[in-house]
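Trainee: I've got a model open and a few things to ask about it. Can we go through the contacts one by one?

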Amino acid sequence: MTDDTRRRILIDGGQTGTRVRVESADGVDEFEAAPIRTDRPVVDQIAATVRGIPVDDPGATLAAGVSGLTPSASRPGEILDELADVGIVSVALAHDSVTGYLSANGGEFGAVTAVGTGVVTLGVGAGGVHRVDGWGHLFGDAGSAYWMGRAGIEAALRAFDGRGPDTVLEEAAAEEFGPLPELYMELQGDPDRVSRVAAFARRVDAASTADDPVAQQILTDAADELAASVAAALERSGHRPGDAARVSWVGTVMTANDRLRERFAAAVIGRTSGVEIAEPHGRPFDGVRMLAGLDDEHPLATQIHRAGR
């Protein structure tokens with residue numbers, strides 16, 4: 001079976017949802033799957049995702065970009081063994097910052113920020129590869145949907161207490177979560193609290209559009225956090241002032257939010273000279289597809305974990 005006819009399974013795994021794309025000579029199918037959570041064994045979750053789709057061709061290949069993937073969890077050989085009975089013959093695995101970078105910047109030096117429920121930024125340059133943030137909602141993810149949603153809820157509670165300025169986010173939080181005196185207990189006891197808090201970022205964006213100054217400041221602060229991560233990623237990967245570098249993004253939070261994206265671009269340019277702010281070249285699945293065939297000379301090749309038979 002040639003690479004052109006072999007079935008390819010591509011997984012773009014996130015904390016609040018996973019997208020799967022199956023490519024074969026018969027066509028392309030895409031669908032949603034369960035999230036791949038970082039507090040559970042990643043190998044088992046990827047295997048379960050694959051077993052949830054029809055894989056009836058021996059010789060199928062698997063490539064996955066996974067949010068929050070740590071070096072110790074990057075065990076493609078175990079996934080290959082686990083899925084041998086359904087015909088998987090090769091596995092390529094990487095953190096989703098790698099697949100995001102490949103889809104947005106391809107082989108060009110620069111930085112890409114992947115903004116969703118969480119956020120991670122990757123810089124690639126003459127000095128190598130450097131990842132910034134991606135530390136999860138407890139300790140990082142500055143500028144992410146969760147970060148903005150949490151800031152919006154905090155602003156609502158401060159207004160409710162009289163500790164902060166009035167904001168329409170107070171009413172929005174009550175509509176979203178119920179009576180504010182019960183909010184913290186409502187969310188703390190919910191296993192989906194991270195996704196629910198992240199979803200409140202949409203209410204922050206709507207309030208910003210309605211000229212609420214508190215919400216507008218949250219968006220500005222988020223853009224500044226993302227720009228700071230880009231600046232750090234560029235510097236640590238070998239970029240020097242005046243060097244050409246391409247800065248882009250992936251994720252629906254940046255793609256769908258014009259105000260955040262514009263403020264982010266202005267903040268990046270204000271921090272770093274010589275950069276080009278540009279739309280991503282392709283979709284995240286394009287980056288996932290590139291994992292297995294990336295040239296060994298590419299700086300990101302060292303970030304990809306492969307196994308095959």
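Mentor: Sure, one term up front: a salt bridge is a side-chain nitrogen of Lys or Arg within 4 Å of a carboxyl oxygen of Asp or Glu. Keep in mind that this is a predicted model, where local features need pLDDT of at least 70, side-chain atom pairs count only at pLDDT 80 or more, and totals for chains, interfaces and linings use all residues. Residues are numbered from 1 along each chain as its sequence is written, and side-chain values use heavy atoms, with hydrogens and water left out.

Trainee: Which residue forms a salt bridge with R163?

Mentor: R163 itself is exposed, at 53% relative accessible area; exposed means over 50%, buried under 20% and partly exposed in between (1.4 Å probe, protein chains only). The closest N and O atoms of the pair are 3.0 Å apart, and the partner is D161.

Trainee: What is the N to O distance between R51 and D85?

Mentor: These two come from distant parts of the chain, 34 residues apart: R51 is in helix α1 (residues 42-51), while D85 is in the loop between α2 (76-82) and β5. Helices here are DSSP runs (H or I, at least four residues), strands likewise (E, at least two), numbered from the N terminus. R51 is partly exposed at 40% relative accessible area, and D85 is exposed at 59%. Their side chains meet in a salt bridge, N to O, at 2.8 Å.

Trainee: Which residue does E186 pair with in a salt bridge?

Mentor: E186 is in helix α7 (residues 180-188) and its partner is in helix α8 (residues 193-199), so the bridge ties together parts ten residues apart in sequence. E186 is partly exposed at 37% relative accessibility, and the partner is partly exposed too, with a relative accessible area of 21%. The closest N and O atoms are 2.9 Å apart, and the partner is R196.

Trainee: How many salt bridges does a search of the whole structure find?

Mentor: Some share partners, joining R8, R21, E23, E30, R283, D286 and R289 into one network. Over the whole structure, the search comes to 19.

Trainee: Which helix supplies the largest share of the largest nonpolar core?

Mentor: A nonpolar core is a set of buried Ala, Val, Leu, Ile, Met, Phe, Trp, Tyr and Cys residues joined through side-chain atoms within 4.5 Å. The largest one has 44 residues, and M148, L169, F200, L260 and F264 touch the most other members. Ten of the core's residues come from helix α10 (residues 213-236).

Trainee: Which residues does E82 touch, leaving out those up to four places away in sequence?

Mentor: E82 lies in helix α2 and is partly exposed, with a relative accessible area of 39%. Contact means heavy atoms within 4.5 Å. By that rule, E82 touches A47 and R51.

Trainee: How much space lies in the second largest pocket?

Mentor: A pocket, on a 1 Å grid over the protein atoms alone, is an open set of points where a 1.4 Å probe fits, with protein on both sides within 12 Å along at least five of seven lines; lining residues have an atom within 4 Å of a point. This one is lined by 16 residues, with R8, T61, S90, A292 and G293 nearest its centre. Volume is the space filled by probe spheres set on the points, which are joined across faces, edges and corners. Here that gives about 300 Å³.
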